[in-house]
Amino acid sequence: MRNLWSKYFRLQGPKTVEKEKALDTQVLIIGGGATGTAVARDLALRGVACVVVERDDINAGASGRNHGLLHSGARYVANDAEAAAECQTEGSLLKHLAPQCVDDTGGYFVAVAGDDETYVADFPSLCARAGITTGAVDVADARHLEPALSGQTIAVYAVNDASVDPFKLSFEMMADAKSKGARLLRRTAVVDFARTGARLIAARVRNTLTGEETQIHADIIVNAGGAWARDIARLAGAAVPVLYSKGTLIVTHSRVARRAINRLRKPSDADIIMPGGTVSIVGTTSINIPDLADVRPTVPEVDLIIDETSAMVPALRDMRYVRAFAGVRPLISGDPAGARTPDPSSGALRRVEASACGSALRSPAADVPKPLADGSGGRDGRAVSRGFALIDHQRDGVQNLITIAGGKLTTCRLMAEKTADLVCERLGVSAKCLTRTVRLAPTIACAWTEPGLTPRNWMRAHAAEDSLLCECEMVPKSVVDSIAREIRLEPRGMVLADLALRSRLGKGACQGAFCAVRAIAYLYDRGEICADAGLRECIQFFRERWRGQQAVLWGEQLAQAELAEAIHCGLFGEEHVAHTAVGNCAPFTHDP
Ligand SMILES: Cc1cc2nc3c(=O)[nH]c(=O)nc-3n(C[C@H](O)[C@H](O)[C@H](O)COP(=O)(O)OP(=O)(O)OC[C@H]3O[C@@H](n4cnc5c(N)ncnc54)[C@H](O)[C@@H]3O)c2cc1C
């Protein structure tokens with residue numbers, strides 16, 4: 001396996017692909033999503049040594065597959081006052097502390113003819129009770145400011161919602177943590193734990209590219225594995241009651257509204273239209289799924305999203321959609337009857353008192369995260385609290401394992417603070433949390449996920465030699481150089497997916513049809529890859545893009561996909577390579 005890896009990717013000295021030795025650290029954090037990277041930053045700011053292991057790459061889970069709504073909390077005022085208050089406080093903090101990650105668009109809650117008028121009437125008082133600022137907007141004024149709103153609009157309230165770039169946020173939190181001594185091991189999965197009595201003495205980790213295994217010894221292990229938290233805990237003989245709630249989102253070709261537009265009703269399917277730079281991200285659904293084996297958007301979900309959201313913005317009915325994606329919310333369900341949940345009376349589960357930062361945890365048995373009072377018993381994903389849970393696995397007989405799960409992207413800082421408080425208590429570290437006051441420093445290598453940034457820079461620079469690799473999103477070679485400089489400091493090499501994750505490459509209308517080939521050619525030029533790695537990379541990249549396109553293929557986007565197929569199969573014959581060389585990686589085989 002190692003030989004195969006070195007055959008395809010040039011070994012750039014010990015910095016690029018190094019053999020991992022056994023590592024010792026104070027804290028091992030499992031999972032490189034918003035939660036794991038936020039925990040790393042919090043601990044690093046307190047001077048605690050930590051290593052983050054991520055089996056794929058930053059934001060490979062729900063943190064890279066969400067709406068990007070920095071919640072004002074208004075969405076949860078009817079059902080989940082605690083989550084609403086957390087979102088309100090944390091949303092405001094993030095705007096102030098990480099403005100480079102936030103587009104402070106503001107938001108509207110919009111009711112249309114036929115919506116529940118009692119809820120519309122109650123909304124301002126529900127917001128006031130949760131401490132959330134809102135104000136009625138005259139419908140004509142709202143339609144003047146947001147011309148895409150329906151003529152059937154009957155009420156509009158303004159709230160402090162904003163758009164957050166989840167990729168930039170996690171990259172920057174990790175970059176800040178690294179600048180203070182934390183380490184990130186990408187493509188490194190925890191596969192087992194070594195245990196002596198009640199203590200985990202090491203985690204066995206596997207490099208997912210080479211298969212190489214090593215051990216990481218840590219005093220405390222933090223499980224920030226999102227929807228996989230249950231599997232990780234199981235490896236240690238502990239339990240986490242995660243409910244898998246799948247949500248699908250679709251991405252428009254162009255942006256339909258300046259603000260975050262929410263349906264003014266109790267949280268339901270398909271009631272948010274988020275601005276995401278040059279596009280809108282529309283959704284979502286909430287479908288309980290039994291496992292994480294094949295999470296992808298489906299045509300019925302796409303149909304439902306378009307039907308529902310077009311009641312607020314009719315243009316969505318005839319819009320061109322470039323892509324769909326699905327993520328899984330790691331909801332913590334305290335349903336005692338659920339086959340996947342532990343007995344709550346065991347006290348394994350503790351929910352954090354949101355308002356009492358730094359205070360002791362509440363009594364566990366009384367505070368199992370509860371399904372909401374609608375009798376659903378926690379089986380309906382929408383009915384489970386969006387609050388988070390900090391689970392101290394001492395109660396499962398595992399002394400040094402802590403799970404942090406549930407919650408929201410919006411509340412990742414608070415989740416990290418509570419986790420780090422508990423970790424520090426255990427380690428006997430007295431340093432206090434600094435993330436409430438210390439701003440997150442912007443880093444240029446983390447900036448390229450921002451829509452519109454690369455075209456602006458490229459046009460200003462007028463550098464004739466800096467040719468564009470991606471024309472849809474205008475990503476030039478210099479952006480690849482900037483990302484490569486950062487990635488090559490990490491011991492896992494660079495592949496096309498790394499570039500796409502850290503930039504807008506492949507995210508435009510052509511979904512990589514042209515830019516993937518150009519970017520691969522440039523990686524050859526730079527000496528990053530050799531032999532036939534480029535072909536393999538290209539096919540894997542297309543396979544991933546294809547998963548996102550299948551559910552939105554009609555009209556112009558279908559023609560676009562056919563053009564891509566003609567280029568890659570008709571011209572390059574990639575489907576033959578796919579079948580012979582990379583097994584089921586064929587992007588153009590029409591899997592169901
Ligand atoms: C459709 C959808 C829309 C959403 N919209 C919003 C929104 O608009 N606003 C908001 O605030 N929140 C939103 N959320 C919620 C938010 O995305 C999540 O709460 C948050 O991203 C969870 O982050 P996390 O780091 O805990 O988990 P994840 O991001 O899932 O991270 C877990 C990581 O652990 C890694 N991992 C798993 N197993 C292992 C292992 N064995 N070894 C090493 N690594 C491992 C995974 O690869 C993954 O990267 C949404 C969620 C979904 C699904």
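A polar contact is taken here as a pair of N or O atoms within 3.5 Å. With that cut-off in hand, the ligand site of this predicted model makes a good place to start. The side chain of threonine 35 offers an N or O atom that lies 2.7 Å from an oxygen atom of the ligand. An oxygen atom of the ligand is also 3.0 Å from a polar backbone atom of alanine 62. Histidine 71 contributes through its side chain, where a polar atom sits 3.4 Å from a nitrogen atom of the ligand. The ligand on its own has 1,000 Å² of accessible area, and the protein covers 97% of this.

Stepping back from the single contacts, the shell around the ligand comprises 36 residues, and Thr35, Glu54, Ser63, Leu69 and Thr410 are the closest. Sorted by class, the shell holds 14 nonpolar, 17 polar and five charged residues. Several elements take part: helix 2 (34-45), strand 10 (188-196), strand 13 (242-252) and strand 18 (321-332) each provide at least two residues of the shell. Two domains are represented as well, with at least three shell residues coming from domain 1 (2-62 + 167-241 + 333-427) and at least three from domain 2 (102-162 + 244-329).

Threonine 410, one of the closest residues to the ligand, deserves a second look. This residue belongs to the loop that links strand 21 (401-406) and helix 9 (412-427). Its relative accessible area is 2%, so threonine 410 is buried. The side chain of threonine 410 makes two polar contacts with backbone atoms: the backbone oxygen of leucine 69 is reached at 3.3 Å, and the backbone nitrogen of histidine 71 at 3.2 Å. Histidine 71 thus appears again, having already been met through its side-chain atom 3.4 Å from a ligand nitrogen.

Within helix 9 itself lies threonine 419. Threonine 419 counts as buried because its relative accessibility is 0%. Its C-alpha is 9.9 Å from that of alanine 224, although the two residues are 195 apart in sequence.

Helix 3 (residues 81-97) rounds off the picture. Its 17 residues reach 24 Å from the first C-alpha to the last, close to the expected 24 Å at 1.5 Å a residue. Buried residues in helix 3 are Ala83, Ala84, Glu86, Cys87, Glu90, Gly91, Leu93, Leu94 and Leu97. An α-helix has 3.6 residues a turn, so residues three or four places apart point the same way.

Notes: Residues are numbered from 1 along each chain as its sequence is written. This is a predicted model: local features need pLDDT of at least 70, side-chain atom pairs count only at pLDDT 80 or more; totals for chains, interfaces and linings use all residues. Side-chain values use heavy atoms; hydrogens and water are left out. Helices (H or I, at least four residues) and strands (E, at least two) are DSSP runs, numbered from the N terminus. The expected span of a helix is 1.5 Å times one less than its number of residues. Buried means under 20% relative accessible area, exposed over 50%, partly exposed in between (1.4 Å probe, protein chains only). A residue is near a molecule or strand if one of its heavy atoms lies within 4 Å of it. A polar contact is a pair of N or O atoms within 3.5 Å; within protein, one must be able to donate a hydrogen and the other to accept it, and residues adjacent in sequence count only if both atoms are side-chain atoms. Accessible areas come from the Shrake-Rupley method with a 1.4 Å probe; for residues, only the protein chains shown count as cover. Ala, Val, Leu, Ile, Met, Phe, Trp, Tyr, Cys and Pro count as nonpolar, Asp, Glu, Lys and Arg as charged, and the others, Gly among them, as polar. Domain bounds come from an automatic or database domain assignment.
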